[in-house]
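Colleague: I would like to go through this model with you, one question at a time. Please show it first.

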2 protein chains.
Amino acid sequence: MNYTLDPIYAVLEKTQLDGVAFVPGANFRRIFNCDFHLMERPLVIIVPRQGDPVAIVPNLEMASFDQIQFGGKIFDWRDEGGYDAAFKSAAAALPQLNDSVEIGLEAQRMRVFEQMALSAVFPVATFVNAHLAISSIRLIKTEDEISKLRKAIQISENALEATLGEVRVGQTEKEIESILLRQLFAHGADGLAFDPIVAAADNSAQPHASARIDYQVKKGDSLLIDFGASWRGYNADITRTFFIEEVSDFDRAFYNTVLNANARGKQVSKPGLKTHDVDDAVQVVLENSQFAEFARHKTGHGLGLDVHEAPQIMRGDDQILEPGMVFTVEPGLYRSGECGVRIEDDVVVTKDGIECLTNFPRELRIVG
Amino acid sequence: MNYTLDPIYAVLEKTQLDGVAFVPGANFRRIFNCDFHLMERPLVIIVPRQGDPVAIVPNLEMASFDQIQFGGKIFDWRDEGGYDAAFKSAAAALPQLNDSVEIGLEAQRMRVFEQMALSAVFPVATFVNAHLAISSIRLIKTEDEISKLRKAIQISENALEATLGEVRVGQTEKEIESILLRQLFAHGADGLAFDPIVAAADNSAQPHASARIDYQVKKGDSLLIDFGASWRGYNADITRTFFIEEVSDFDRAFYNTVLNANARGKQVSKPGLKTHDVDDAVQVVLENSQFAEFARHKTGHGLGLDVHEAPQIMRGDDQILEPGMVFTVEPGLYRSGECGVRIEDDVVVTKDGIECLTNFPRELRIVG
């Protein structure tokens with residue numbers, strides 16, 4: 001075996017679930033150090049609290065799966081016969097789950113048809129959402145993971161600097177996005193953490209905007225760029241907001257309010273603090289400003305093999321920060337129909353505070 | 001309203017389902033001509049057979065969602081309060097589904113936590129997998145869709161030709177992948193249809209291999225490249241297999257067997273034929289060769305806004321080909337531990353046969 005399921009057994013012990021099932025994705029990758037695409041062919045790992053684990057694997061993937069040296073029974077299935085028989089055999093090999101037990105699922109990752117296949121063969125089991133519990137195996141990053149995040153961030157920041165050198169008045173948002181994509185791969189990205197957001201003026205006031213093919217940036221526009229490279233599976237997630245050729249005093253004040261909130265989030269974060277308190281400190285900066293009405297979302301989210309993972313930096317959340325957790329600090333303000341500003345850094349919790357992994361300057365910058 | 005739900009009502013009529021629920025993704029995009037990332041925040045559209053549709057939307061996305069001009073009730077929810085109340089309100093607005101009705105889900109797309117939220121508020125409804133039925137709205141491509149696919153394919157083929165010009169003995173698979181990624185975006189890709197497969201020698205014998213950072217390609221190696229650009233949401237999916245500097249007679253025969261199977265698949269395909277018959281014709285070429293034991297998978301899959309969609313080109317499948325369907329013809333042979341060859345084209349069904357959308361030459365090519 002090239003892996004250990006100990007972190008999963010710890011989850012089972014802590015939650016007292018009778019088993020968990022998970023599919024390719026970030027948790028799978030953290031455990032097995034390899035990944036498979038989620039497609040129309042189900043690949044499911046079932047780990048019971050007692051007894052050996054079981055894998056249901058498309059025959060097509062067996063050569064790749066064999067490299068894991070999986071230490072349990074494997075039931076493979078072929079396109080022409082479908083996967084029902086493999087699920088039945090897997091259930092027969094797990095009599096301890098053929099009872100009124102609780103099986104935890106990666107419910108934010110696993111799709112409904114995979115659960116339907118499980119439900120069909122474990123008809124008396126109860127399936128519960130164990131996404132947070134299973135994903136907790138990735139909450140504390142190792143040094144190796146942090147160094148991969150640093151590399152993903154470095155590639156992203158170099159690509160952003162190179163992109164800004166090419167931005168000009170009159171380009172469309174889509175053209176600027178194309179420059180960014182080209183620069184990301186020219187600087188060594190393995191892939192995209194997510195489809196970038198390149199949005200100017202009123203479009204930047206939509207937190208998850210798409211680049212327009214028909215809007216040309218003009219003097220005085222905000223230009224919000226939210227993007228990240230992935231490198232060896234690890235994802236950067238960075239936002240900076242610029243202004244094209246000039247900025248009004250009003251927009252400068254708007255920008256600096258977000259900048260203050262960003263700084264405040266990094267200043268207060270430290271081990272022992274609740275994620276609620278980080279978000280609260282950030283929101284208070286926004287709420288005490290003249291722009292309170294334009295706040296729209298929480299401070300941030302965890303970052304690693306997934307772009308959005310635990311911990312959520314959000315009021316009401318009582319996760320306590322610990323060294324090795326990585327998350328984003330990304331306050332934003334959005335004046336609908338006019339202008340949006342978001343400034344996003346990636347930070348890792350240290351022994352006595354945080355280290356900011358992103359280094360791209362945050363001071364208001366005029367480009368174009 | 002900037003959209004029509006008529007295709008969904010046709011699905012409801014045909015299936016006699018009482019309602020369907022779907023989430024951002026290819027079907028969503030086809031209907032609303034826009035998309036949202038699937039993240040930890042559920043966004044769900046519920047369309048009952050009778051009465052107005054309902055949307056559950058993260059407040060954060062409302063500015064983007066408003067552009068749809070949704071013609072039904074919208075229940076938005078904020079991070080701090082969670083989404084349970086929005087689902088409850090949505091259910092209250094859909095009394096016709098608060099009964100022992102059948103609700104169809106996009107089960108290969110929707111995640112378990114979204115279904116759990118639906119189950120909680122429609123406790124007596126039965127949820128069924130309606131993925132194929134809902135996705136059937138995308139089965140026949142319009143001229144506009146085909147022209148976008150052509151563009152995605154053209155970008156991909158230009159990028160592949162440029163990549164081959166840079167391939168040299170001694171490069172790692174990962175280095176060649178980096179060249180390909182850079183060239184895709186330099187040639188105008190909006191994004192990647194999927195993470196490319198760049199695999200040489202024994203690694204090419206794994207149908208879904210990952211590029212190795214520690215294997216340098218050498219004389220006589222196969223080099224399999226399976227990749228595609230996306231453009232305006234539409235995906236290319238192309239595979240070509242090359243040989244580095246030289247090829248053995250045995251590998252040449254192996255290659256030409258796959259080439260014959262690929263040609264056969266395109267030759268037989270026409271309206272009125274079952275997808276079973278296309279796959280069967282292709283598999284017979286492989287099975288009647290000296291390499292029969294190395295076949296591993298079906299002939300292909302539909303292609304469009306999703307990289308893997310209907311129709312599946314597979315024995316046992318009785319979908320009948322119709323003009324406007326787009327699918328891949330991608331036979332492969334895989335000698336475990338030695339060499340894999342796959343040759344993949346994208347085709348559109350015409351009035352009396354198919355048109356091959358991919359033009360990259362298929363004859364055995366020596367590179368490096």
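Colleague: What relation holds between chain A and chain B?

Modeller: This is a predicted model. Chain A can be laid on chain B with an RMSD of 0.0 Å by a turn of 180° and a shift of 0.0 Å along the axis. A half turn with no shift means that the relation is that of a two-fold axis.

Colleague: Which residue of chain A has the C-alpha nearest the axis?

Modeller: The C-alpha in question lies 2.0 Å from the axis. It belongs to A:Arg111.

Colleague: What percentage of the contact residues of chain A recur in chain B?

Modeller: In the contact between the chains, 45 residues of chain A meet 45 residues of chain B. The same surface serves both copies, and the share that recurs is 100%.

Colleague: Which three residues supply more of the area that chain A buries against chain B than any other three?

Modeller: The area buried between the two chains is about 4500 Å², and carbon and sulfur atoms give 57% of it. Of the area that chain A buries, 13% comes from A:Leu60, A:Val112 and A:His208.

Colleague: How far apart are the closest N and O atoms of A:Glu40 and B:Lys298?

Modeller: Between chain A and chain B the count is 4 salt bridges. A:Glu40 forms a salt bridge with B:Lys298, and the closest N and O atoms are apart by 3.1 Å.

Colleague: Why are the buried residues of helix 1 of chain A on the same side?

Modeller: Helix 1 of chain A spans residues 6–15, and its buried residues are A:Ile8, A:Val11 and A:Leu12. In an α-helix there are 3.6 residues a turn, so residues three or four places apart point the same way. The buried residues are on the same side of helix 1 of chain A because they cover an arc of only 100°.

Colleague: Which exposed residues does the face turned away from the buried side of helix 1 of chain A carry?

Modeller: The buried residues of helix 1 pack against strand 1, helix 2, strand 2 and helix 6 of chain A. The face turned away from them carries A:Asp6, A:Glu13 and A:Lys14.

Colleague: Which residue in strand 17 of chain B is the bridge partner of B:Tyr334?

Modeller: Strands 16 and 17 of chain B run antiparallel and are joined by 4 bridges. In strand 17, B:Cys339 and B:Val341 point one way and B:Gly340 and B:Arg342 the other way. The bridge partner of B:Tyr334 is B:Gly340.

Technical notes:
Residues are numbered from 1 along each chain as its sequence is written. Chains are lettered from A and ligands numbered from 1 in the order in which they are written. This is a predicted model: local features need pLDDT of at least 70, side-chain atom pairs count only at pLDDT 80 or more; totals for chains, interfaces and linings use all residues. Side-chain values use heavy atoms; hydrogens and water are left out. Buried means under 20% relative accessible area, exposed over 50%, partly exposed in between (1.4 Å probe, protein chains only). Helices (H or I, at least four residues) and strands (E, at least two) are DSSP runs, numbered from the N terminus. Two strands pair if DSSP finds at least two bridges between them. Copies are superposed by least squares on the C-alpha atoms of residues with pLDDT of at least 70 in both. Contact means heavy atoms within 4.5 Å. The arc is that of the directions from the helix axis to the C-beta atoms. Buried area is the accessible area (1.4 Å probe) that two parts lose on being put together, summed over both. A salt bridge is a side-chain nitrogen of Lys or Arg within 4 Å of a carboxyl oxygen of Asp or Glu.
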